Amino acid sequence: MTALHERTPERNPMTRQKNGRSPRASVVWFRRDLRLADNAALLDAAKNNAVIPVFVWSPKEEEDAGHGAASRWWLHHSLLRLQAALEAKGSRLIVRCGDPVAEILDVIRQTRATAVHFNRLYEPVWQAMDARLARHLRSERVELKTYNASLLLEPREVSNRSGGPFQVFTPFWRQCIEQLSPVPPAPSPSTLHPPTRWPRSLRVEDLDLLPKVDWATEFRPTWQPGEAQALSRLKRFMAQRVARYEKDRDFPAEPGTSRLSPHLHFGEISPRQILHAARKHGKMADAFVRQLGWREFAHHILHHFPRTPHRPLRGEFEAFPWARDRQRLKAWQKGLTGYPIVDAGMRELWTTGWMHNRVRMIAASFLVKDLLIPWQDGAAWFRDTLVDGDLANNTFGWQWSAGCGADAAPYFRIFNPVLQGRKFDPGGKYVRRWIPELAALPDRWLHEPFEAPSGTLQQAGIKLGETYPKPIVNHDEARDRALEAYAFTRNRSARL
């Protein structure tokens with residue numbers, strides 16, 4: 001990061017109050033709350049004080065919190081949109097890079113700010129960071145105020161009868177529903193008062209968040225990051241799709257899901273805004289609102305079990321006999337497994353930074369059960385390639401698929417990729433979009449080209465092993481191996 005592009009500290013003579021005194025200034029630390037509306041930290045800070053909005057890019061902490069290359073692309077564009085929104089309110093975004101505690105303290109010293117406001121995060125790395133900042137602010141005699149703006153209910157607000165964390169979703173969500181507040185989301189502030197002195201700032205471009213090789217060319221027509229875009233997408237979904245969500249959500253060829261996940265991850269929209277919009281549609285939105293519940297549950301589990309990004313929640317799976325097969329892992333990553341529904345999902349992921357949730361489950365099951373490759377390897381790949389790469393959701397989903405997490409799918413539930421393809425992509429529209437080399441195959445063989453008659457393959461212009469791979473594993477045999485591995489793990493645990 002070069003200092004050549006830094007904005008130098010700047011005095012603002014227009015910020016004197018009528019009595020001639022400088023207003024109190026508060027730092028608002030933006031993290032994954034990149035919006036102005038329903039942003040508790042910003043709204044409270046703006047009531048009586050001048051506001052200094054700050055974003056600090058900290059590569060190590062962001063990596064530990066689950067941000068990969070695809071989500072950094074999103075972050076770059078989201079920051080530009082946030083910057084423009086702040087400027088429209090008479091403010092600006094101060095951009096820094098480095099240790100967040102050191103940078104926040106430097107901003108305080110340059111501006112003589114008297115308070116720091118931020119919205120809480122729940123990944124272990126950020127909770128440790130918050131505690132460290134709090135210690136420094138006490139010594140500086142600077143007020144610290146923190147808020148909930150990313151969850152409907154914080155982990156400490158929901159517990160089972162014994163006072164411990166829930167590990168089963170249904171009772172967890174039942175209690176959440178009883179506690180949810182009817183308070184509507186707050187609007188954005190009408191104006192933001194600037195401080196008497198702006199601290200130095202980098203440009204968003206100086207953070208080097210964009211990929212050096214532009215593999216993200218398809219991201220641009222697929223996604224429009226930013227708060228305004230998130231609200232627009234929510235409005236369209238509620239008007240056009242929410243009534244059919246429960247029926248359409250499992251079919252990847254249909255636009256049946258909201259695709260709000262990256263907007264929600266980066267806080268361009270709050271879960272309270274989504275809940276408030278959904279409640280207007282009554283019972284027909286229940287299935288959609290329940291997905292917010294699964295997100296809450298994932299963050300609940302991560303908060304109470306911070307080891308889970310790397311280790312299974314269920315301890316017996318520490319001894320599971322995973323296979324270390326880099327060649328098969330690479331075939332899975334590239335969408336070359338020979339199973340069309342799996343390969344279509346992996347290619348959609350690489351091309352757009354997103355994968356339909358039903359296909360995520362199929363692809364994950366194939367990796368951990370057909371190939372016996374550790375769930376951590378799959379989680380790492382998703383973390384790097386998803387624009388909505390959220391540590392809590394990603395970890396929860398992979399441990400669910402592997403059978404080693406909270407409320408997990410039983411290990412003996414092993415998705416058959418052929419049957420899943422036929423059930424959820426019956427007309428083959430999804431597979432044909434992402435695997436055009438199979439487009440000419442009749443529907444009967446599209447999800448299992450390896451069983452198609454040679455004449456049918458020839459007529460469709462397909463040479464298995466050349467234009468499209470043969471299966472890298474026999475599913476029936478792989479299923480037997482997975483069940484044997486599970487039996488081994490269960491028996492070993494019983495002996496301990």
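Is Asp106 buried, partly exposed or exposed, at 23% relative accessibility? Asp106 counts as partly exposed, because 23% falls between the 20% limit for buried and the 50% limit for exposed. The model is predicted. The structure holds 28 salt bridges. The points below cover some of these pairs, two helices, a charged patch, backbone angles and two C-alpha separations.

**Salt bridge Asp106–Arg96**
- Asp106 and Arg96 meet through their side chains in a salt bridge, with an N to O distance of 3.0 Å.
- This pair links distant parts of the chain, ten residues apart. Asp106 sits in helix 4 (residues 100–111), and Arg96 sits in strand 4 (residues 94–97).
- The two partners fall into separate burial classes. Asp106 is partly exposed at 23% relative accessibility. Arg96 counts as buried, because its relative accessibility is 1% and the limit is 20%.

**Salt bridge Asp99–Arg132**
- Asp99 pairs with Arg132 in a salt bridge whose closest N and O atoms are 2.6 Å apart.
- Asp99 lies in the loop between strand 4 and helix 4, while Arg132 lies in helix 5 (residues 124–140), so the bridge ties together parts that are 33 residues apart in sequence.
- Both side chains belong to partly exposed residues. Asp99 has 29% relative accessibility, and Arg132 has a relative accessible area of 27%.

**Salt bridge Asp377–Arg324**
- The salt bridge between Asp377 and Arg324 has its closest N and O atoms 3.9 Å apart.
- Asp377 is in helix 16 (residues 375–385). Arg324 is in the loop between helix 12 (286–304) and helix 13 (326–334). The pair links distant parts of the chain, 53 residues apart.
- Asp377 is buried at 18% relative accessibility. Arg324 is exposed, with a relative accessible area of 66%.

**Salt-bridge network**
- Arg96, Glu103, Asp106 and Arg200 are joined into one network by salt bridges that share partners.

**Negative patch**
- Asp476, Glu477, Asp480 and Glu484 form a negative patch on the surface.
- Glu484 has its place in helix 22 (residues 475–495). Glu484 counts as exposed, because its 56% relative accessibility is over the 50% limit.

**Helix 15**
- Helix 15 (residues 357–370) has 14 residues. From first C-alpha to last, helix 15 reaches 19 Å, close to the 20 Å expected at 1.5 Å a residue.
- Helix 15 is mostly covered, with 13 of its 14 residues buried.
- Leu372 comes just after helix 15 and takes a positive phi of about 55 degrees.

**Helix 17**
- The twelve residues of helix 17 should span 16 Å at 1.5 Å a residue. The end C-alpha atoms of helix 17 are 16 Å apart, which agrees.
- Helix 17 is mostly covered too, as ten of its twelve residues are buried.
- The buried residues of helix 17 include Leu391, Phe396, Trp398 and Trp400. Also among them are Asn394, Thr395, Gln399 and Ser401.

**Positive phi in loops**
- Asp38 has a positive phi of about 50 degrees although it is not a glycine. Asp38 is found in the loop between strand 2 (25–30) and helix 1 (40–45). At 6% relative accessibility, Asp38 counts as buried.
- Arg259 has a phi near 55 degrees, a positive value in a residue other than glycine. Arg259 is in the loop between helix 9 (245–248) and helix 10 (261–265). At 25% relative accessibility, Arg259 counts as partly exposed.

**C-alpha separations**
- Ala69 is in helix 3 (residues 69–88). Ala69 counts as buried at 16% relative accessibility. Ala69 and Arg200 are 131 residues apart in sequence, and their C-alpha atoms are 27 Å apart in space.
- Ala408 lies in the loop between helix 17 (391–402) and helix 18 (417–424). Ala408 counts as partly exposed at 22% relative accessibility. The C-alpha atoms of Ala408 and His263 are separated by 26 Å, with their positions 145 residues apart along the chain.

Note on methods. Residues are numbered from 1 along each chain as its sequence is written. This is a predicted model: local features need pLDDT of at least 70, side-chain atom pairs count only at pLDDT 80 or more; totals for chains, interfaces and linings use all residues. Side-chain values use heavy atoms; hydrogens and water are left out. Helices (H or I, at least four residues) and strands (E, at least two) are DSSP runs, numbered from the N terminus. The expected span of a helix is 1.5 Å times one less than its number of residues. Buried means under 20% relative accessible area, exposed over 50%, partly exposed in between (1.4 Å probe, protein chains only). Patches are made of residues with over 30% relative accessible area and no salt bridge: like charges are joined within 9 Å, nonpolar side chains (Val, Leu, Ile, Met, Phe, Trp, Tyr) within 5 Å. Accessible areas come from the Shrake-Rupley method with a 1.4 Å probe; for residues, only the protein chains shown count as cover. A salt bridge is a side-chain nitrogen of Lys or Arg within 4 Å of a carboxyl oxygen of Asp or Glu. Lys and Arg count as positive and Asp and Glu as negative; His and the chain ends are not counted. The place of a charge is taken as NZ of Lys, CZ of Arg, CG of Asp or CD of Glu.
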